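Let's walk through a protein model together, one region at a time. Keep the sequence and the 3D view open as you read.

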Amino acid sequence: MLALRDRLPMWVQARCGVERRGVVALGVVLALAAVLAGQHFWAGRTESVSAPQLVREAPVRVKGTEVPGAGAGSVAASASPGARIVVDVSGKVRDPGIRRLPPGSRVADALKAAGGVRPGVREEGLNRARFLVDGEQIVVGASGAPPPAGVGAVAPAGGGPAAPVSLGTATVEQLDTLPGVGPVLARRIIDYRTQHGGFRSVDELRQVDGIGDRRFSDLRARVGP
């Protein structure tokens, strides 16, 4: 304290009387000022702020399948009450076309919706118990199977090859028996025949929309003008 008193200016020593009590009081004041300054500095320091944590909603289980990120009021579109799967049933059925069926339907359901398989059509290789997939096509009837006798072709005696189908007189049902030809393509062949007054040669079949080189090569030996 004496050293602190000696360092004080003369006017301070004279005003305070350079008494020991005055020096002690001044030291206490300076110490309190230092403490307050330290507290002020500590309170005003810069603190790092962490980003808030993301809160993910619990997954909702719909028919045994977890739908991550789905809220309590949302339901997966595939499991909604109005959801349908769309399939294309073509080939040798009574009413071919697009069919909309409920999820979980099987091939047998699609065939039933298309009116059933035509009489006499073989169903080998067609799994009627298989579950359907949205957007698939079901083709009934083997594309390369030979036409049955008496429908569009006449089998000669002796077991020889069937007579070719006449493009000038064949019906939609007779053309439908040809490999790779369905009801739609058969109708196009008849429409072309009507517009052009018949077929002058088998090669003219190339001009029908939907008959490319590969399909024409399969039909060439099975048809006639």
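**A walk through the model**

Let's begin inside: the largest nonpolar core has 20 residues, and those with the most contacts inside it are Leu175, Ile189, Leu205 and Val208. At least two residues of this core come from each of H5, helix H6 (183-196) and helix H7 (213-219). H6 gives the largest share, five residues. Why might you expect nonpolar side chains to be buried together? In soluble globular proteins, this is simply what nonpolar side chains tend to do. Try clicking on Leu175: leaving out residues up to four places away in sequence, Leu175 touches Val165, Leu167, Ala170, Val181, Ala186, Ile189 and Ile190. There is also a second, separate core of 14 residues, with Ala110, Leu111, Ala114 and Ile138 among them.

Please keep in mind that this is a predicted model. Now zoom out to see the whole chain. The protein chain has seven helices and seven strands, and along the sequence they follow the pattern α-α-α-β-β-β-β-α-β-β-α-α-α-β. Of the 225 residues in the protein chain, 27% are buried. If you take the contacts in the protein chain with a separation of 6 or more, 39% of them are between residues 24 or more positions apart.

Next, look at the strands, beginning with E3. Strand E3 covers residues 85-91, and five of its seven residues are buried, so that the strand is mostly covered. Which strand pairs with E3 in the antiparallel sense? That is strand E4 (residues 97-101), and the pairing runs over five bridges. A hairpin of five residues joins E3 to E4. To find your place in this pair, look for Val86, which stands opposite Arg100 in E4.

E3 has another pairing to show you. With strand E5 (residues 137-140), E3 pairs in the parallel sense over four bridges. Here Asp88 stands opposite Gln137 in E5. E5 also offers a neat alternation of side chains: Ile138 and Val140 point to one face and are buried, while Gln137 and Val139 point to the other and are not. You have already met Ile138 as one of the residues in the second core.

Just before E5 is a residue to pause at. Glu136 lies in the loop between helix H4 (107-113) and E5. Is Glu136 buried or exposed? Its relative accessibility is 15%, and buried means under 20%, so Glu136 counts as buried. The side chain of Glu136 makes a polar contact of 3.0 Å with the side chain of Arg130. A polar atom of the Glu136 side chain also lies 2.7 Å from the backbone nitrogen of Val133. Setting aside neighbours within four places in sequence, Glu136 is in contact with Val86, Val87, Asp88, Arg130 and Phe131. Phe131 has another partner to look for: Arg106 lies over the face of its ring, at 3.9 Å from the ring centre.

Another acidic residue is waiting in a helix. Asp176 is found in helix H5 (residues 172-176). With a relative accessible area of 3%, Asp176 is under the 20% limit and therefore buried. What joins the side chains of Asp176 and Arg118? A polar contact of 2.6 Å does. If you skip residues up to four places away in sequence, Asp176 touches Lys92, Arg118, Val181, Gly182, Pro183 and Ala186.

Now turn to the aromatic rings. The count of aromatic pairs comes to one. In this pair, the ring centres of Tyr192 and Phe199 are 5.3 Å apart and the planes are at 35°, so the pair is tilted. Tyr192 counts as buried at 7% relative accessibility, and Phe199 counts as buried at 8%.

Our last stop is Pro225, in the segment after strand E7 (223-224). How many residues apart along the chain are Pro225 and Gly168? The answer is 57, while their C-alpha atoms are separated by 5.9 Å. Leaving aside neighbours within four places in sequence, Pro225 is in contact with Ser166, Leu167, Gly168, Phe199, Arg200, Ser201 and Val202. Among these is Phe199, the ring partner of Tyr192.

Key: Residues numbered from 1 in each chain as written. Predicted model: local features only at pLDDT ≥ 70, side-chain atom pairs only at ≥ 80, totals over all residues. Heavy atoms only, no water. Buried < 20%, exposed > 50% of the residue type's maximum accessible area, 1.4 Å probe, protein only. Polar contact = N/O pair within 3.5 Å; in protein donor to acceptor, adjacent residues only side chain to side chain. Contact = heavy atoms within 4.5 Å. Phe/Tyr/Trp six-rings, centres within 6.5 Å; stacked < 30°, edge-to-face > 60°. Lys NZ or Arg CZ within 6 Å of the ring centre and 35° of its normal. Core = buried A, V, L, I, M, F, W, Y, C linked by side-chain atoms within 4.5 Å. Pairing = 2+ DSSP bridges.
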